[in-house]
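Let's take a friendly walk through a protein structure, one piece at a time. Keep the 3D view open as you read.

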Amino acid sequence: MQHTASNRREFLGHLGSGLGGIALASLVQRESSGAIPPPFAPKARRVIQLFMNGGASQCDLFDYKPQLIAQHGQKFDPGAGVRVEASISTPGALMKSPFEWAQHGQCGRWVSSALPHLAKHVDDMAFLMAMQSVSNVHGPASYLQTSGFLPPGFPSAGAWISYALGSLSDNVPAFVALPDAKGMPYNGRSAFTSGFLPANHQGTVINASAPQPITHLRPPASATHITPVSRTDGLKLLSEMNTAHAGQRPGDSRLQARIESYELAARFQLAAPELLDLTGETTATKNLYGIDEPQTADFGKRCLMARRMIERGVRFVQVWSGQGGGSDNWDNHGHIANELSTAAIRMDQPAAALLTDLKARGLLDDTLLVWTTEFGRMPFSQGGTGRDHNGGTFVSWFAGAGVKPGSAYGQSDEWSWKAAEDITTSYDFHATILHLLGIDHEKLTVRHGGIDRRLTDVSGNVVKSILA
Amino acid sequence: MKPLAIVAALLTSLASPTTAQDRNWALLPLTMPVVPEVEGAATEIDAFVQAELSAAGIASSPMAERAALIRRLSYDLTGLPPTHEEVQAFVSDKDANAYAKLVTRLLESERYGEHWARHWLDIANYADTHGNDHDYARPNAWPYRDYVIQSLNDDKPYTRFVQEQVAGDALFPEDPQATVALGFLAAGPWDHTLMVTVREDTVDHRSAQNLDRDLMVATVMGTFQSLTVHCARCHDHKFDPITQREYYSLQAVFAGVDRADRPFDEDARTQTERTRLLGEKRALQQLDAAILSSPEVVEKVAVWEETLRKREESWVPFEIATVVSIGGATLTRQDDGSWFASGTRPKADTYIVTAHRPAGAIGAIRLEVLPDERLPQSGPGRWDNGNFHLSEFRVFAAPPGTAESAKPLVIARATADHNESATISAAQAIDGDDKSHWGVNPRYGEAHKAIFELKDLAEFPDRTTFTLMLEHQDGVEGHGIGRFRLSASDSVSASSPVFAPIPDKVTTILQVPVGQRTPAQQQALAQAVLLLENEQALAALPAPRLVYAVTRDFPPDGPNFSPAPEPRPIHLLERGELSKPGELVGPGTLACIPELPDALTIAEAGDESQRRAALAHWLTDPRNVLTWRSIVNRVWSYHFGRGLCDTPNDFGKMGGMPSHPELLDWLAIWFRDEAHGSLKALHRLIVSSETWKQSTLTAHGAIIDSDNRLLWRQNRTRLTGEQVRDTMLTLSNHLDLTMGGPSVVQFISRGDATFMPGGNPAFLDYEHFDPDSPAARRRAIYRFLFRTVPDPLMDTLDCPDGGAITSVRNVSTTPLQTFAMLNDAFLIRQCEHIAMRIATAADSPEKQIDAAFQLILLRDAREHERTKFVDYARHHGLANACQLLVNSNEFLHLD
């Protein structure tokens, strides 16, 4: 039998009287155990993903098109009798970006004036300039970009990575999601679901600004009878009782796993406050992330937390910019100049600070930073000042471990309407992330509903052009 | 695991004869297997199991101790624990039939249906919201949940249970519950944005319709056939004998329906009448010219037109004295008696109209909103796109010459010629809710009218002062009406037959003098009149209840979501891509079932319900080997924690092989022919077997069969989330056993979320929900299941979130689950109640600990346990001690 990760897992899962449900990743896959060498050397050991919820407008941020500026105000006609459709509105006239464009860095990448901070880092980034979705609608498009499938029910990328690699430490979960303070993204908690994978791979949701950031981490305040001592004494007694119980029931590893889960939980409970506590960070660091400014405080705080988490062993951190629903996100139907600049200001400085900070600490060498969104926006207007959804083309960028700095792959057509050359699909996008983590996306499979399911469905090519 | 066990397990799997032929096991003909001769086997099940065990050289395990047995049985059949007293009584019961009596009592308990319905809802993928990006509520999903509970408690024969859920409306039109059963086909997630918001002419919208049918096909064929037919959407099934063409022929079966609220009547006669009228309505939509030109119809139209003329003449404009805009807009009178708004376009506004009219009766008031070139997009609204939002319409009347204040006139019904959607209609202008409104998107630049029928026709003397208020107070800026006119009628009222506003195209025809109308116009008018008459008859029936189900009759929700007048054409899609439609495919099914034809016998192909009826008959045909194998395996899987085939929704080549194929076939035939589809008989047979009653405590077979595929012992299972929750309420004496009804909401929502279309995003807070509120006390089956934001406690205990069909639940052990078991407010509060309950009944610490063990673990505390727990409770209180017991593996697992 070939000892690849998935084979061994399947082997144990099929054999195990009850092994199937336990945290297999921690049994077979933690790096410290050294049990399974990855198929090829990983460049990245961990990932921070910044997800722009709502469809960040590529043609107002990164995708500079002189033709769009030239044809501003004209009716859009792509020629050849091609039908132009918009998802919820009637297509308006072509609309140039209300922001100024300039080239930046050694690589000369165009970035609009909406992102002055990130513009300084283009030489560290690798751009996917022609990403394409198959949906123009938030729900399915978000699922596609988080789980590789349009319908609900499939594990998110973070869950797959948790399943494959586990956490880097015993004290923290492998996959953490940090939703916007304003609210959950589209698809709610399904955006971080483990789908049909065991529940321990779902994203641990941390509501950074809530009084109780992690659900169930502590008893409710009203339960005054529960004290640290009652817990310590109680867990000891419980462990004795459970050990005696398991002793009379040989061969059931699930019972032992539950006993251990109380120990793991206790360690996480001790580690959690430190994970979220930013008081130890210097004023300079906090200023860098914009934590002192109301507009950047929320995203800045969560970016800084993300850095602390990967330092402490979390494998995949997803930081969301923007909530679901009609406002306070990147879904700028009404007024690009007003709505998009608000969203951009909240994100720009903190994201740039994260890059600076990761680099300064040497973390960027083995950490992959990914910036993405579910789709782009139309080059023509909606109602004169906004833009409707556009799955036809959008932009994502990678930075850090294993990524070719200052590179770009693909381009859209002359209006930034549809991806035209070297298109990147969500499958390619996920295949590339997995590749950088040392995982062959075609080998990471789980049988469900009669099909060997993958994060990349039946497609996916690693985008080699942006790899170092 | 010891290396030896691994080797042995490998040997076992190698030893079993798996040939290519065997992988096709589920499609082999069903023939009655010979029951092995096994001495002392109590039931046929035991004969099959013990024969395999002796071949492998493994002894079966002794029967579980009675205390363990009653706990296992009670949870297995009802999802609830026995009481300590019941355990005691059973342990000491000398009656030889004690166990059989216990089985009967539990199967007859209504708790049985509540527990087993949850299994069924896992497969149906039921929840109370749509899922996806906005995840709106489905307030009428629950009647289907109650239908499942009731059907199981009634022990409805399986054939009928299947037929009702696929085509109950067509096969049993006289039984309202058979229509409720159609909730099955609609139970899974549905993308509101794609189906309602996204334009109908986009690829996204058509793709959503395709995936919607795909989910129906996958649900039906996974549930009843244990097949993964949906794997053939893009190409012929890679592993099983299912062609892509067959897949699309199954899609064609469901091509006529959508998911929407479907009316049903609790009264069977009303249901029959409604069915008749709906049939008539469909027939009317396709009436031929001959009928529409027949003398009877022509006469009918003439009478109608005369009545209409009289009614139209009865509208008398109000004599408007003043119109005041409280938002500061300028309102000016126009030559035609209408009023025009200009100037300031305020954020919110109310037009206060003061008017009079000659003495007489008023039954209804008409508000006409009129186009005007001076308005954006020619109006009739003042907003940029020509729309308006009428949040409320109110009318007051003050008698002449008195100091008495004006009294409100009660409006019973509001209708309009055009509504933006079902939830943005004239009805929203009289619902007393400022946030909802009437609007006319996207039909701008034309006249529309709303008719407000008063509850009572009333006389008003001359010089009565009427005050009419047109409110735009829904918080959306600048959405006042641009031009309007108000009139009243004495002959239209809520008590007179409903006169739905006349559609525009009819109005156009009516303007042509009778003699000058073309035959096409005459026929269109006749058809419209007959349809209006049909609509009136439908509206006159007692208000129906609603169930979220599949239907071909529902009010359009906006311009993009409306019913298909006839089944939509289904093309075979090359590689599953909408851009590559191939041949047109009619309704049909699979060819791979032996002796069963793949053609469906459909009485009337244009009637979509006949397509479903034909599939229902095909599914329940005694020759359909999959149907019978599927259900007995599924039921078995819930009794043993694992099926004879461990992939209950996939009997194909990629699924599991059955551990006992002959037993599976024997059960299938027995269930079909002897038990006549009685699920309760099947439960009884299984739980009465020695195989099921075995102890879980042995380990002797692990060397040869570590996985217990041969069933040398019973499997230990963990309580489900629902069982944990219901047990806690049982122990705390807080369980409310009320059955059925709307789902109980066990969270609080932040802000003003309505969970309905047009409302704000949902902020669900489970953490601060009061665990003592009445809603918290119901059984878990009645919880409001919010697809994208599940209850965190239930989620960590592996309750499905309604994202995907769950035929086998995960049983996970995670730190988050541990946190929940230790810190969840509901669990902690129940432990406090349990402690109170114990403290009142027992006075000494020792007795209290004894009582806690008896209540929670259903056994006496052992000496050393008592000592330690008494000491612990002394320091930290009884509630903490109870919570430790609830966290124990002993409590959470069933031996």
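The report below goes from the whole of one chain to its contacts, and then to some helices and sheets.

## Chain B as a whole

Please keep in mind that this is a predicted model. Chain B has 895 residues, and 51% of them count as buried. If you lay its C-alpha trace along its principal axes, the trace spans about 100 × 70 × 45 Å. Within chain B you can look for 31 helices and 20 strands.

How do distant parts of the sequence come together? Among the contacts in chain B with a separation of 6 or more, 71% are between residues 24 or more positions apart. The chain is also divided into domains: domain 1 (265-310 + 502-509 + 517-538), domain 2 (315-490) and domain 3 (718-894). Notice that domain 1 is written as three pieces of the sequence. The centres of domain 1 and domain 2 of chain B, taken over C-alpha atoms, are separated by 30 Å.

## Where the two chains touch

Now bring chain A into view. In all, 70 residues of chain B are in contact with 71 residues of chain A. On the chain B side, helix H26 (residues 815-823) gives the largest share, with six residues. Sorted by class, this side of chain B has 28 nonpolar, 28 polar and 14 charged residues.

## Two helices of chain A

Start with helix H11 (residues 294-311) of chain A, which has 18 residues. From its first C-alpha to its last, H11(A) reaches 26 Å, close to the 26 Å expected at 1.5 Å a residue. Look along H11(A) and you can find a bend of about 25° at Gly300(A). Because 13 of its 18 residues are buried, H11(A) is largely enclosed by the rest of the structure. Just after this helix comes Gly313(A), with a positive phi of about 110°.

Helix H13 (residues 426-436) of chain A is another one to find, and ten of its eleven residues are buried, so the rest of the structure largely encloses it. The buried residues include Phe429(A), His430(A), Ile433(A) and Leu434(A). What do the buried residues of H13(A) pack against? Their neighbours in chain A are helices H6 (138-147) and H7 (157-165), together with strands S1 (46-52), S4 (125-131), S8 (367-373) and S11 (394-400). Just after H13(A), a positive phi of about 85° is found at Gly438(A).

## A sheet in chain A

Some of those strands belong to a sheet. Eight strands of chain A form an open sheet with mixed pairing, in the order S6-S5-S7-S1-S8-S11-S4-S12. At its edges are strand S6 (204-205) and strand S12 (407-409) of chain A, each pairing on one side only.

Zoom in on one edge. S4(A) and S12(A) run parallel and are joined by three bridges. One residue to pick out is Ala126(A), whose bridge partner in S12(A) is Ser407(A).

## A sheet in chain B

Chain B offers a sheet to set beside it. Here five strands form an open sheet in the order S3-S6-S12-S8-S9 (chain B), and the pairing is antiparallel. Strand S3 (319-325) and strand S9 (407-408) of chain B each have a single partner strand, so one side of each is left without a neighbour in the sheet.

At the S9(B) edge, strand S8 (residues 392-398) of chain B pairs with S9(B) in the antiparallel sense over two bridges. To see one pair of residues, find Ala397(B): its bridge partner in S9(B) is Lys407(B).

Technical notes: Residues are numbered from 1 along each chain as its sequence is written. Chains are lettered from A and ligands numbered from 1 in the order in which they are written. This is a predicted model: local features need pLDDT of at least 70, side-chain atom pairs count only at pLDDT 80 or more; totals for chains, interfaces and linings use all residues. Two residues are in contact if their C-beta atoms, placed from the backbone, lie within 7 Å. Helices (H or I, at least four residues) and strands (E, at least two) are DSSP runs, numbered from the N terminus. Ala, Val, Leu, Ile, Met, Phe, Trp, Tyr, Cys and Pro count as nonpolar, Asp, Glu, Lys and Arg as charged, and the others, Gly among them, as polar. Domain bounds come from an automatic or database domain assignment. The expected span of a helix is 1.5 Å times one less than its number of residues. The bend at a residue is the angle between axes fitted to the seven residues ending there and the seven starting there. A residue is buried if 20 or more other C-beta atoms lie within 10 Å of its own, exposed if 12 or fewer, and partly exposed in between; C-beta atoms are placed from the backbone. Two strands pair if DSSP finds at least two bridges between them.
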